[in-house]
Amino acid sequence: QWLFNNLWYGENNRLPNYDLPLSAFLSLVQPDPSKIFGIDISHWNRPPVNLQRMKDLYNLQFVIIKGVDGSINSNYYLDHVAAAKAAGVPFGMYVWLYPNNRVSIDAQVNAWWARYNQDKPPMGLFIDAEWTTYSGQAANPTAADLRTAHDKWKAKSGQAATTYTAPGYADAYLKAAVRPHAVPSRYAN
């Protein structure tokens with residue numbers, strides 16, 4: 001995902017980017033040790049994922065694991081959590097957000113809460129708002145969907161969630177969800 005989102009397409013325009021610095025490719029081989037290194041994993045990563053090896057070789061410091069897709073539990077979440085715990089790597093749970101007109105935000109938040117309570121991820125919940133489809137049609141969550149999801153999550157859990165997105169998506173779809181005092185004008189990866 002990182003390769004396609006950041007190197008090949010770039011986040012700002014979703015068009016191929018052929019002018020890539022060599023350092024972009026080298027970072028795939030060996031992460032910069034002066035920076036915090038973490039990954040995300042999902043149903044695309046079949047277990048076992050050797051997080052201990054990544055920790056030992058590349059100084060992996062955290063992992064964000066997909067727990068729920070809309071209101072459906074993601075495959076391998078529990079396996080990935082077990083791997084993170086065995087490696088002593090802090091983890092968070094990310095959830096895929098669909099717009100309310102496709103999957104009720106209430107149903108999504110209830111599913112997130114049920115899965116979250118299985119192990120209470122130490123890094124909390126990350127709401128992933130990105131380009132997506134539903135039944136073969138574009139179904140990109142809006143700023144209103146994201147704000148509603150955050151508000152309902154906080155009301156249910158008593159905790160704030162983190163938004164997990166791409167700068168290009170946030171610039172195009174989510175500016176209205178951002179509180180100016182809470183997030184800088186350029187969104188973090």
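Here are some notes on this predicted model, moving from the overall picture to individual residues.

1. **Overall picture.** The protein has 7 helices and 8 strands. Of its 189 residues, 40% are buried. Contacts between residues at least 6 apart in sequence are worth a look too: 69% of them join residues at least 24 apart.

2. **Strand β2 and its surroundings.** I would start with β2, residues 62–69, where 6 of the 8 residues are buried, so the strand is largely enclosed by the rest of the structure. Three pairings involve this strand, and they are taken in turn below: with β1, with β4 and with β3.

3. **The parallel partners of β2.** Strand β1, residues 38–41, runs parallel to β2 and is joined to it by 4 bridges. Within that pairing, Ile41 has Ile65 of β2 as its bridge partner. Strand β4, residues 91–96, also runs parallel to β2, with 6 bridges between the two. Here Val68 stands opposite Val95 in β4.

4. **The antiparallel partner of β2.** Strand β3, residues 72–73, runs antiparallel to β2 and is joined to it by 2 bridges. Val68 appears again in this pairing, standing opposite Asn73 in β3. So which residues does Val68 stand opposite? Val95 in β4 and Asn73 in β3. The two strands β2 and β3 form a hairpin with 2 residues between them. Gly70, in the turn, has a positive phi of about 70 degrees.

5. **Leading into α3.** If you check backbone torsions, please look at the peptide bond from Pro47 to Pro48, which is cis, with omega near 0 degrees. Pro48 belongs to the loop between β1 and α3. Where the helix starts, a side-chain oxygen of Asn50 comes to within 3.4 Å of the backbone nitrogen of Gln52.

6. **How α3 meets α4.** Two packed helices are described by the angle between their axes and the distance between the axes. For α3 (residues 51–58) and α4 (residues 77–87), the angle is about 40 degrees and the axes are 8 Å apart. The two helices are therefore oblique to each other. On the α3 side, the contact is made by Leu51, Gln52 and Lys55. On the α4 side, His80, Ala83, Ala84, Ala86 and Ala87 take part. By residue class, this contact divides into 5 nonpolar, 2 polar and 1 charged. Gln52 thus has a part both in the Asn50 contact at the helix start and in the packing against α4.

7. **Leaving α3: Asn59.** After α3 comes Asn59, whose phi is positive, near 60 degrees. This is a positive value in a residue other than glycine. Asn59 lies in the loop between α3 and β2. Its relative accessible area is 41%, so Asn59 is partly exposed.

8. **Lys35 and its distance from Asn59.** Lys35 is placed in the loop between α2 (22–29) and β1. At 56% relative accessibility, Lys35 counts as exposed because the cut-off for that class is over 50%. How far apart are Lys35 and Asn59 in sequence and in space? They are 24 residues apart in sequence and 9.8 Å apart in space, C-alpha to C-alpha.

9. **Another positive phi: Lys120.** Lys120 also has a positive phi, near 45 degrees, and is a residue other than glycine. It is found in the loop between α5 (105–116) and β5 (125–128). With a relative accessible area of 46%, Lys120 is partly exposed.

10. **Asn140, a loop residue.** Is Asn140, in its loop, buried or exposed? This residue sits between β7 (137–138) and α6 (143–157). At 19% relative accessibility, Asn140 counts as buried, because the cut-off is under 20%. Its side chain reaches the backbone nitrogen of Thr132 at 2.8 Å. The same side chain also makes a polar contact with the side chain of Tyr173, at 3.2 Å. Leaving aside residues up to four places away in sequence, Asn140 touches Pro99, Glu130, Trp131, Thr132, Tyr169 and Tyr173. Thr132 and Tyr173 are therefore worth viewing together with Asn140, because both are in its contact list under the 4.5 Å cut-off for heavy atoms.

Note on methods:
Residues numbered from 1 in each chain as written. Predicted model: local features only at pLDDT ≥ 70, side-chain atom pairs only at ≥ 80, totals over all residues. Heavy atoms only, no water. Buried < 20%, exposed > 50% of the residue type's maximum accessible area, 1.4 Å probe, protein only. Polar contact = N/O pair within 3.5 Å; in protein donor to acceptor, adjacent residues only side chain to side chain. Axes fitted to C-alpha atoms, helices over the stretch in contact; angles between N-to-C directions. Parallel < 35°, antiparallel > 145°, perpendicular 65-115°, else oblique. Nonpolar A, V, L, I, M, F, W, Y, C, P; charged D, E, K, R; others polar. Pairing = 2+ DSSP bridges.
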